[in-house]
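Okay, everybody's here, so let me put this one up on the screen. I'll start with some helix packing and then move on to a few backbone details.

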Amino acid sequence: MGVLTGIFGDANEREIRKLGPLVGKISSLEAEFEKLSREELANKTAEFKKRLDQGAGLDDLLPEAFAAVREAAKRTLGQRHFDVQMLGGMALHRGKITEMKTGEGKTLVATLPAYLNALSGKGVHVVTVNDYLSRRDGVWMGQIYHALGLAVGVLNHEASFLYDPAHEAVKAEDAARDTLGSFKIVHEFLRPSTRREAYAADVTYGTNNEYGFDYLRDNMAYAPEQMAQRGHHFAIVDEVDSILIDEARTPLIISAPDEESGELYRVFAKIAPQLKEGPDYSVDKKFRAASITEEGIEKIERILGIANIYTEKGVKYVHHLEQALRAQALFGRDKDYVVRGGEVIIVDEFTGRLMPGRRWSEGLHQAVEAKEGVMVQKESRTLATVTFQNYFRMYEKLAGMTGTASTSAEEFHKVYNLDVLEIPTNKPMVRIDHPDRVYQTEAGKLKAVAQELKERHEKGQPVLVGTISIEKNERLSEILKREGVPHEVLNAKNHEQEAEIIAQAGGIGRVTLATNIAGRGVDIILGGNPPDPEGAELVRSSGGLFVLGTERHEARRIDNQLRGRSGRQGDPGETRFFVSLEDELMRIFGSERVKNMMGKLGIAEDEPIEAKLVSKAIESAQEKIEGFNFDARKHVLEYDDVMNKQRKAIYDRRKKILFASADGIKEIAKENLAEGASEEILKGKEPDLLRQLLLQTIDLLWIEHLEAMEYMRSSVRLRAYGQRDPLIEYKNEAIQLFRQLEASIKLQFSHLAEHLNVQHPMMHNAEPVKHSMFDKKKVGRNDPCPCGSGKKYKRCHGK
């Protein structure tokens with residue numbers, strides 16, 4: 001590769017050089033835009049839109065539009081876009097992923113392509129990793145868009161807002177926002193709005209979950225005004241690797257509770273601890289699978305007092321048993337989940353972030369609830385589902401930003417057709433990345449970490465410690481308390497409060513313990529924030545921010561993200577990882593040779609070694625896992641692509657029915673009559689009544705189709721034993737099932753239309769299926785609301 005680069009040059013550098021003249025053109029316009037009054041600058045937007053209407057393209061407007069945004073930022077934020085940020089903005093506008101190091105101002109970069117593309121009037125979606133960041137960016141960057149005459153919307157799980165500087169704001173708050181806006185939200189600038197209004201804004205900030213769930217809810221709507229989104233024109237995804245790769249395997253699901261009892265989960269939760277690994281069951285941690293042995297089956301049959309679990313109790317008992325076993329053997333408290341307020345909340349394995357509202361499927365979540373002795377929630381029926389991979393591929397243009405994309409460039413290209421462009425830093429990087437220190441045991445490693453932190457703290461150097469789980473974070477905290485080292489602990493539980501703490505992590509002698517994701521998106525400024533020049537100088541002289549990783553992560557990107565917290569904007573900094581041979585990564589995928597070598601050499605448990613053999617073993621393990629995870633995501637996508645075609649066909653059909661005129665709906669109704677049914681059955685029926693009948697028929701049968709597809713998907717896996725490709729089998733059967741669905745829709749609609757009374761009261765104010773699937777008697781006030789909002793029933797549809 002080095003030889004080819006020498007001959008042809010580096011592709012990344014060539015791309016950057018091509019953009020150079022445009023940067024020069026934007027800079028040449030700066031003096032002209034500085035002379036404009038506030039009104040003249042705001043009027044530029046109307047001028048640009050007029051030119052678009054007259055046939056100009058967005059690329060023609062780019063230099064002037066970017067110059068306008070730069071000027072607006074100078075006047076409102078007191079920040080000027082660097083030339084390298086202009087390069088990043090151009091790459092995003094061209095639908096690429098920009099890799100920009102931490103502290104290079106990605107949030108500010110996004111304003112450039114967002115403004116330019118918003119001029120088309122189709123809306124721009126900026127995607128953040130949590131609600132806190134969408135509120136922060138909406139308020140902080142909102143002033144730029146507002147100065148240029150654009151509206152800004154913000155989506156949150158509980159509410160939605162419009163940026164409004166006149167809403168309860170005062171000048172003192174405006175000054176505070178300019179200084180502390182990178183981590184502190186001035187909520188007075190956010191005016192509550194409907195979701196539809198937030199989407200109607202020129203630029204909308206929100207999380208990937210909110211966009212995805214709103215898309216699903218829109219496709220369950222029974223009237224056009226119930227729909228929030230207005231299309232998928234252009235999305236800029238912040239922390240693109242986290243959203244499009246780490247969370248890609250998790251489907252978004254809107255569900256309603258099934259009436260099945262949780263008693264079986266409680267029964268098997270008591271049985272699972274009585275089984276022993278080895279004789280009764282085996283565990284494969286690589287694939288997160290647990291298999292029961294013949295001996296284990298016999299033991300369970302004795303406990304249940306039955307002769308044969310398969311013939312007497314059937315598949316249902318075996319399913320509950322397998323899930324109870326997985327919950328017991330493979331899922332650990334404070335690692336894979338936490339228990340809070342009587343609920344089991346999933347912890348994201350990649351980021352350490354809590355994911356309230358998300359549940360494991362196929363009964364696993366109920367099995368974990370039974371294991372922990374909390375209330376077992378009812379199993380649910382899937383009403384609508386989509387993966388992030390397929391949701392984001394719907395956008396006409398997609399772009400992303402992150403500090404760590406190059407290690408996953410292949411996946412971005414293959415799955416999303418996105419190329420990665422590395423943007424040079426504004427100032428040279430001077431951070432020192434030390435080689436890993438490897439210890440024989442976990443205890444020896446933690447002892448050495450505590451000693452290192454004590455020494456750094458005493459010399460006044462700030463330290464950020466990255467751990468891979470809440471459990472490890474709290475364990476290290478206990479050791480530091482015994483050693484008398486003052487510190488802050490962040491577990492990604494309160495994003496806003498933790499952002500304020502992490503913004504101060506660069507203060508003299510500060511020690512901050514954080515899970516991988518805690519405070520992500522917030523810059524650590526040396527000396528603290530607001531900036532203190534004297535404190536910053538003292539910190540620089542002590543070596544800058546020291547980042548200490550207590551364990552290597554499965555993905556190299558996550559390690560690089562942690563390193564990237566140090567050495568922003570040319571500041572000094574250091575990083576080092578402390579690794580033990582008992583770490584999960586080394587235990588599952590590590591080399592036995594390394595363990596044997598350390599044992600033979602008689603190295604003490606708290607004595608480190610630095611050897612190329614160990615570093616290679618770690619990198620090899622990470623590459624293996626990245627390969628496994630890529631294959632798993634590709635596998636999910638291959639199956640979901642089949643489902644996606646069917647989903648698109650059904651949702652397009654719903655939209656056509658929803659927006660059809662009175663005459664149009666009659667024609668659609670005729671097309672949906674079963675073979676042999678007479679058009680006479682439609683006579684005298686109101687168009688709106690036919691519209692509601694069609695939508696309800698499609699929705700009810702689509703829900704059953706989703707269940708049939710899920711069941712079929714799990715059954716085709718067994719056909720691999722018969723030398724048949726499960727994916728091809730799945731595709732063939734999916735076509736048959738979809739044909740059956742279409743036939744069933746026509747048959748059911750014809751039957752209902754024939755027997756429906758013209759004045760049928762139910763149909764005039766038909767509710768969406770997601771509401772009609774439950775009633776107030778069956779859903780407990782504290783149960784999750786069946787509409788899929790994630791709120792309790794009493795705070796949602798039970799009001």
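So, look at helix α20, residues 442–458, and helix α21, residues 470–483: they pack at an angle of about 55 degrees, and their axes are 10 Å apart. Keep in mind that this is a predicted model. With that angle, α20 and α21 are oblique to each other, since anything between 35 and 65 degrees falls outside the parallel and perpendicular ranges. As for handedness, α20 passes α21 in a right-handed crossing.

Which residues do the touching? On the α20 side you've got Glu442, Leu446, Val449, Ala450, Leu453 and Lys454, and they meet Lys472, Arg475, Leu476, Ile479, Leu480 and Glu483 of α21. Sort the residues of that contact by class and you get seven nonpolar, five charged and no polar.

Now a second pair. Helix α13, residues 263–271, and helix α17, residues 364–372, cross at roughly 60 degrees, and their axes come within 8 Å. So α13 and α17 are oblique to each other as well, and α13 passes α17 in a right-handed crossing. From α13, the contact uses Tyr265, Arg266 and Ala269, while α17 brings in Gln366, Ala367, Ala370 and Lys371. The class split for α13 with α17 is four nonpolar, one polar and two charged.

Okay, backbone. Most residues other than glycine have a negative phi, so I pulled out a couple that don't. Asp334 isn't a glycine, yet its phi is positive, near 65 degrees. Where does Asp334 sit? In the loop between α16 (314–330) and β11 (337–340). Is Asp334 buried, exposed or partly exposed? Its relative accessible area is 27%, so Asp334 comes out as partly exposed.

Then there's Asn417, also not a glycine, with a positive phi of about 55 degrees. Asn417 is in a loop too, the one between α19 (409–416) and β16 (420–422). Asn417 has 59% relative accessibility, so it counts as exposed.

Let me zoom out to finish. The protein chain has 32 helices and 23 strands. Of its 799 residues, 54% are buried. If you take the contacts in the chain with a separation of 6 or more, 76% are between residues 24 or more positions apart. And for the surface people, the chain exposes about 35100 Å², with carbon and sulfur atoms supplying 50% of that.

Note on methods
Residues are numbered from 1 along each chain as its sequence is written. This is a predicted model: local features need pLDDT of at least 70, side-chain atom pairs count only at pLDDT 80 or more; totals for chains, interfaces and linings use all residues. Side-chain values use heavy atoms; hydrogens and water are left out. Axes are lines fitted to C-alpha atoms, for helices over the stretch in contact, and angles run from 0 to 180 degrees between N-to-C directions. Helices (H or I, at least four residues) and strands (E, at least two) are DSSP runs, numbered from the N terminus. Angles under 35 degrees count as roughly parallel, over 145 as roughly antiparallel, 65 to 115 as roughly perpendicular and the rest as oblique. A crossing is left-handed if the near helix is turned anticlockwise from the far one by less than a right angle, and right-handed if clockwise. Contact means heavy atoms within 4.5 Å. Ala, Val, Leu, Ile, Met, Phe, Trp, Tyr, Cys and Pro count as nonpolar, Asp, Glu, Lys and Arg as charged, and the others, Gly among them, as polar. Buried means under 20% relative accessible area, exposed over 50%, partly exposed in between (1.4 Å probe, protein chains only). Accessible areas come from the Shrake-Rupley method with a 1.4 Å probe; for residues, only the protein chains shown count as cover.
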